[in-house]
Amino acid sequence: MLWEPTDLTKIRLIADYSYSEGDEGLNATMIPGAVGILGATFSGRYTTTNSPSDYGDNTQYGFSARVDQDLGSLQLVSISAYRANDQYFHIDVDSSTPVFLRSDLTGRNRTFSQELQLHGPTDGKLNWLIGAYYFNSSAGLRPLTFTGITQTPVGGRKDTIDTVHLDSYSGFVDGSYELFPDTKLTLGLRYTTDRLKNDVLILDAAGNAILTTPFVQKDTFSKLTYRAILDHHFTEDVLGYASYSRGFKSGGYNLTNPIRTIGGVTTPAPPVAPEIIDAFEVGLKTEWFDNRLRANISAFYYNYKNLQVASVGNGTSTIINGANAHIKGVDVDFEASPVARIRLNGGLSFLDSEFSSFANGPFTVPNPATCGTNPQTTGPLTGGNTTCSLDLTAFRTPRAPKFTGSLSATYDLPTEIGDFALTGSVYHNSGFAWEADNRLKQAAYTLLNATLGWASSDGEFSASLWAKNLGNSYYYTYVSAATPRDAGPPAPPRTYGMNLGVHF
């Protein structure tokens, strides 16, 4: 809703609510050729031996308010937001009977943020803004329950009640100055302080604390980040730019794995270190033929320190620091309208991404396995995996395809009963490694989609028929190498449906 109490004040209010439930993207299948720790094997492309089936439900809602206040030559902006998310997941981690490991996760997340911006005049060579930002969150497991054979030492069940509290404060300033006609320099600074507290209680089947007492961890992460952009209009329709920026992704805790055991001694797990990126980019943004063609190209180089890498296994997701990484690539995208009623969109991406240093990275080996300097399987598969340590320097970073490309075409047809639009699209992915050790890989795949849409002449009603993955390509949502198995849920096969809309 938009409310304008005066000519100088605008207030925008937004609210949303959603609920979803189902098993799409959850039910994992054994990877062809793999053997689970209790003997499970590949049972078919869209079948699973999980018992009972994996399942999840998710409820979320939020509110936000933006206030724009005209102060004459200055503009004051206030943005407030609140968000809530409640979720439950049941996951069978081994696809076997009896159950080797099962997890039931109940999550509760609440966040609040407040931002203030003061914008300077926009009619001169200098444009600027200063601002402050506050973010508060409470994210927790209420609880995460593990059952199955692996929990026999604690009576067959372990409950983890874990909540991370975050208070984040930052101040920033950003400004652009016209150095010469058609040439502009933009500079920005931001200082962020994140204060985290982790409250953990872990109970066995009898309700006794696994550690002597509940523990609390407290950590503070602060960083100055910045950016610089130089852009120049070579012509009215050709803009070139070069940029450098330093980014900061705060450290934190693994809620699902808050403890570690070394030499039989269990202690709180240390926090994940902050991730830092130095990003360099050059590019061109262009328009041609009276704006019938818009084409952009950019080349970039990213230097990561303490790269945070997600590892999905044993029914949970764990974040580890993947040492350092270098990523470089080229992106191309375009929009075109070559003739009336036809619109084209497309893009290409070329990526070279690898760890520049990652000593003692996790490397999984199917059992029977031996570690050492050359981890390997030593005989016919007996089920499950052993995790070793290996220098992963020069290994490709996870989920980083060397090439992706997309192309879509839309034909617009206005009629007396409304406007029709027929769209077809193709997307190609060259494949990638799922995890840092590069053992499990996603093969190349191509997706074909189509949509026929209609909107009434008065704009009040709309409808569309759609089909996704027309070629029935088989690929995965994710794949993980866990102690019990190599498995992952397949992405949806060919699917189709209808959307109906009312607009007011």
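Let me start with one residue, Ser-250, which lies in the loop between strand 11 (238-249) and strand 12 (259-262). Strands here are DSSP runs of E with at least two residues, numbered from the N terminus, and helices would be runs of H or I with at least four. This is a predicted model, in which local features need pLDDT of at least 70 and side-chain atom pairs count only at pLDDT 80 or more, while totals for chains, interfaces and linings use all residues. Residues are numbered from 1 along each chain as its sequence is written, and side-chain values use heavy atoms, with hydrogens and water left out.

Back to Ser-250: buried or exposed? Ser-250 counts as buried, because its relative accessibility is 19% and buried means under 20% relative accessible area, with exposed over 50% and partly exposed in between, using a 1.4 Å probe and protein chains only. Its side chain makes a polar contact of 2.9 Å with the side chain of Asp-194. A polar contact is a pair of N or O atoms within 3.5 Å; within protein, one must be able to donate a hydrogen and the other to accept it, and residues adjacent in sequence count only if both atoms are side-chain atoms. Leaving aside residues up to four places away in sequence, Ser-250 touches Asp-194, Leu-196, Phe-221, Pro-274 and Gln-308, where contact means heavy atoms within 4.5 Å.

Now the whole protein. It has zero helices and 32 strands. Of its 504 residues, 37% are buried. The C-alpha atoms fill a box of roughly 70 × 50 × 45 Å, taken along the principal axes. Among contacts with a separation of 6 or more, 63% are between residues 24 or more positions apart. The accessible surface comes to about 26,500 Å², and 59% of that belongs to carbon and sulfur atoms. Accessible areas come from the Shrake-Rupley method with a 1.4 Å probe; for residues, only the protein chains shown count as cover.

Next, a run of strands from 4 to 7. Strand 4 (residues 55-70) and strand 5 (residues 75-92) run antiparallel and are joined by 16 bridges; two strands pair if DSSP finds at least two bridges between them. Tyr-61 stands opposite Ala-84 in strand 5. The two strands form a hairpin with four residues between them, and Gly-72 in the turn has a positive phi of about 90°.

On to the next pairing: strand 5 is antiparallel to strand 6 (residues 102-119), over 18 bridges. Tyr-88 has Thr-106 in strand 6 as its bridge partner, and Ile-79 stands opposite Glu-115 in strand 6. Strand 6 in turn runs antiparallel to strand 7 (residues 126-147), with 17 bridges, and a hairpin of six residues joins them. Arg-108 faces Gly-140 in strand 7.

One residue in strand 5 is Ala-81. It counts as partly exposed, at 24% relative accessibility. Its C-alpha atom is separated by 4.1 Å from that of Ser-64, although the two are 17 residues apart along the chain. Beyond residues up to four places away in sequence, Ala-81 touches Phe-63, Ser-64, Thr-111, Phe-112 and Ser-113. As general background, side chains in a regular strand alternate between the two faces of the sheet.

There is also an open sheet of three strands, in the order 3-31-30, with antiparallel pairing. Strand 3 (29-30) and strand 30 (480-481) stand at the edges, each with a single partner strand, so one side of each is left without a neighbour in the sheet. Strand 3 pairs with strand 31 (residues 486-488) over two bridges, and Gly-488 in strand 31 is the bridge partner of Thr-29.

Last, the surface. Which residues form the nonpolar patch? They are Tyr-411, Leu-413, Leu-422, Leu-452, Leu-465, Met-498 and Leu-500, with about 690 Å² of accessible area together. Patches are made of residues with over 30% relative accessible area and no salt bridge, joining like charges within 9 Å and nonpolar side chains (Val, Leu, Ile, Met, Phe, Trp, Tyr) within 5 Å. A salt bridge is a side-chain nitrogen of Lys or Arg within 4 Å of a carboxyl oxygen of Asp or Glu. Strand 24 (403-415) and strand 32 (495-502) each supply at least two of the patch residues. Leu-500, in strand 32, is exposed, with a relative accessible area of 69%.

Ser-464, in strand 29 (residues 461-468), is buried, at 15% relative accessibility. Its contacts, not counting residues up to four places away in sequence, include Leu-452 and Met-498, both of which belong to the nonpolar patch.
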